[in-house]
Amino acid sequence: SSRSGNVDEAPLQALDQGERAPRDWIDHLKSVGSGAAAGTRTAALPRDRLLGVLSDPRQPARTRLAAAIAVGSAEPSSRARILEVASAAVSPRFRVALEAAADPEREEELVELVGDKEDPTLSA
């Protein structure tokens, strides 16, 4: 028997930073995207779901960035989608953060961006 519930909302809680330090949060998001964090309390978020969140302008910028980090840059199509959303971003900070999420070489910059508590664009 298949269980029907609100599939859309619950898994997004897996993207929340909670009390995690910026680097821990980024590591957590990567595990969510890979399915490594999936368990009894955390649902795996499929790639298409993450890309949907990333592409949804109704979601808060931080949630969209979290989805970008979770989906990762390993797949060229995912990376291209992140950069596509970045190019359309109104906020320069959001654009830079997305570009950093799409580039494994820029992880240090990404950690700084998500850790900047003064930034209203990306603050939780």
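In this predicted model, the backbone nitrogen of Phe94 lies 3.1 Å from a polar atom of the Ser91 side chain. That side chain also has a polar atom 3.3 Å from the backbone nitrogen of Arg93. Ser91 itself sits in the loop between H4 and H5. With a relative accessibility of 18%, Ser91 counts as buried, because the cut-off for that class is under 20%.

A good next stop is helix H4, which comes before this loop. H4 spans residues 76–88, 13 residues in all. From the first C-alpha to the last, H4 reaches 19 Å, close to the 18 Å expected at 1.5 Å a residue. Four residues of H4 are named as buried: Ser78, Ile82, Val85 and Ala86. These buried residues cover an arc of only 105° around the axis, which puts them on the same side of H4. The face turned away from that buried side carries the exposed residues Pro76, Ser87 and Ala88. As for what lies over the buried residues of H4, the cover includes helix H2 (47–55), helix H3 (61–71) and H5.

Helix H6 can be read in the same way. Its buried residues are Glu107, Leu110, Val111, Leu113 and Val114. Seen down the axis of H6, the buried residues fall within an arc of 165°, so they line one face of the helix. Glu108 and Glu112, on the other side of H6, are exposed. The cover over the buried residues of H6 includes H1, H3 and H5. Helices H3 and H5 therefore appear both in the cover of H4 and in that of H6, where contact means heavy atoms within 4.5 Å.

Attention now turns to charged side chains. Side chains of opposite charge can pair when their charged atoms come close. The model holds eight salt bridges. One of them joins the side chains of Glu107 and Arg23, with N and O 3.4 Å apart. This pair links distant parts of the chain, as Glu107 belongs to helix H6 (residues 107–115) and Arg23 to helix H1 (residues 22–34), 84 residues apart. Glu107 is among the buried residues of H6, whereas Arg23 is partly exposed, at 33% relative accessibility.

Another salt bridge brings together the side chains of Asp116 and Arg93, at 2.8 Å from N to O. Here too the pair links distant parts of the chain: Asp116 lies in the segment after H6 and Arg93 in helix H5 (residues 92–101), 23 residues apart. Asp116 is partly exposed, with a relative accessible area of 25%, and Arg93 is partly exposed as well, at 32%. Arg93 thus takes part in this salt bridge through its side chain, while its backbone nitrogen lies 3.3 Å from a polar atom of the Ser91 side chain.

Arg106 and Glu109 form a further salt bridge, their closest N and O atoms being 2.8 Å apart. Arg106 counts as partly exposed at 24% relative accessibility, and Glu109 is also partly exposed, at 30%. Beyond such pairs, salt bridges that share partners join Arg23, Lys30, Glu107 and Glu108 into one network. Within this network, Glu107 is buried, but Glu108 is exposed on the other side of H6.

Note on methods
Residues are numbered from 1 along each chain as its sequence is written. This is a predicted model: local features need pLDDT of at least 70, side-chain atom pairs count only at pLDDT 80 or more; totals for chains, interfaces and linings use all residues. Side-chain values use heavy atoms; hydrogens and water are left out. A salt bridge is a side-chain nitrogen of Lys or Arg within 4 Å of a carboxyl oxygen of Asp or Glu. Helices (H or I, at least four residues) and strands (E, at least two) are DSSP runs, numbered from the N terminus. Buried means under 20% relative accessible area, exposed over 50%, partly exposed in between (1.4 Å probe, protein chains only). The expected span of a helix is 1.5 Å times one less than its number of residues. The arc is that of the directions from the helix axis to the C-beta atoms. A polar contact is a pair of N or O atoms within 3.5 Å; within protein, one must be able to donate a hydrogen and the other to accept it, and residues adjacent in sequence count only if both atoms are side-chain atoms.
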